[in-house]
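Biologist: Could you take me through this model step by step, with the reasoning behind each answer?

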Amino acid sequence: MPVRRTLVLVANHADASGNAPLDDLPGAGRRFDVVCRFVTAALLTSHGVRTDTDAVVLFTSPDKAKALRFRGGRVRSLSPDERSTAGLLNRALRPVAMPVWQETVAGVESRTVDLATLVSEAPRPLVVLTEQGAPDLPPLTNGATFVLGDHRGLAAGQEELLDPMADASVSLGPVPLQADQAAVVLHNRLDVRTERPVATPD
Ligand SMILES: C[S@@+](CC[C@H](N)C(=O)[O-])C[C@H]1O[C@@H](n2cnc3c(N)ncnc32)[C@H](O)[C@@H]1O
């Protein structure tokens, strides 16, 4: 059975106001382009959507952390281009977020949540993706959560928080990748693996 995938981007810089400027996503949007590319790379294939995947973006700034969760099986209106993805993200971010997931546009949910709570509730195993990690993915059965940093990576305090909570820290190879590229490489590794019987822990 394919492994259900939850990919989490920790976005420490992007504009979470719901008004990221479509004409200046990298600048005034504070690298909102990184978030857009991550969401499309995590969910879209050449001609469809990965229905076995949720893409979560945790916006840690400004003060109140807020997350968006794109449900691959339910999302509508997700296109591969950054501009329309930014528009979708803005629409999903605008309604006031509550401490529980609430759908704000079709297939996209928002909530207020911090990193510790988000990962403690996420499907296990919890895997942190980092260049310095181990070469192999851990055994996966039904689901797994993969955490990625933004263009500057995870903050030191976030790495310290995740270290004892994570089941594994995994490298996708020796070359440093952008978060969206890492999402594609990860999917490919999982796609190849799930063609064979999935290893189960003892
Ligand atoms: C642009 S990179 C962050 C670069 C940042 N300067 C750093 O050193 O962490 C974005 C994220 O993609 C993931 N990533 C990039 N290259 C990777 C690799 N070779 N293996 C595993 N994850 C990788 C990590 O989660 C990383 O935080």
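What follows is a conversation about the fold, the core, one helix and the ligand shell of this predicted model.

Biologist: Which pattern of helices and strands does the protein follow along the sequence?

Modeller: The secondary structure of this predicted model comes to five helices and eight strands. Read from the start of the sequence, these elements follow the pattern β-α-β-β-α-β-β-α-β-β-α-β-α.

Biologist: What is the radius of gyration of the protein, and how does the globule rule bear on it?

Modeller: The C-alpha trace spans about 50 × 40 × 35 Å along its principal axes, and 41% of the 202 residues count as buried. For 202 residues the globule rule gives 17 Å, and the value for the protein is close to that, so the protein is as compact as a globular protein of that length, with a radius of gyration of 16 Å.

Biologist: Which helix gives the most residues to the largest nonpolar core?

Modeller: The largest nonpolar core has 56 residues, of which Val35, Val57, Leu58 and Leu129 touch the most other members. Among the elements that contribute to this core, the one that gives the most, with nine residues, is helix H1 (residues 32-43).

Biologist: Which residues does Val57 touch, if those up to four places away in sequence are not counted?

Modeller: Val57 is one of the residues that touch the most other members of the largest nonpolar core. With residues up to four places away in sequence left out, the residues that Val57 touches are Leu9, Ala11, Val35, Val39, Ala67 and Leu68.

Biologist: What covers the buried residues of helix H2?

Modeller: Helix H2 (residues 82-93) has twelve residues, which at 1.5 Å a residue should span 16 Å, and this agrees with its end C-alpha atoms, which are 16 Å apart. Its buried residues are Glu82, Thr85, Ala86, Leu88, Leu89, Asn90, Ala92 and Leu93. The cover over these buried residues includes H1, strand S3 (66-71), strand S4 (102-105) and strand S5 (108-112).

Biologist: Which element gives the most to the shell around the ligand?

Modeller: Of the 18 residues around the ligand, those that come nearest are Leu129, Leu148, Gly149, Gly153 and Leu177. Two or more residues of this shell come from each of strand S6 (126-134), strand S7 (143-149) and helix H5 (179-193). With three residues, the element that gives the most is S6.

Biologist: How many residues of each class are in the shell around the ligand?

Modeller: The shell around the ligand comprises 18 residues. Sorted by class, they come to nine nonpolar, seven polar and two charged residues.

Notes
Residues numbered from 1 in each chain as written. Predicted model: local features only at pLDDT ≥ 70, side-chain atom pairs only at ≥ 80, totals over all residues. Near = placed C-beta within 6 Å. Helix = DSSP H or I, 4+ residues; strand = E, 2+ residues; numbered from the N terminus. Nonpolar A, V, L, I, M, F, W, Y, C, P; charged D, E, K, R; others polar. Rg over C-alpha atoms; globule rule 2.2 N^0.38 Å. Buried ≥ 20, exposed ≤ 12 C-beta atoms within 10 Å, placed from the backbone. Core = buried A, V, L, I, M, F, W, Y, C linked by C-beta atoms within 7 Å. Contact = placed C-beta atoms within 7 Å. Expected span 1.5 Å × (residues − 1).
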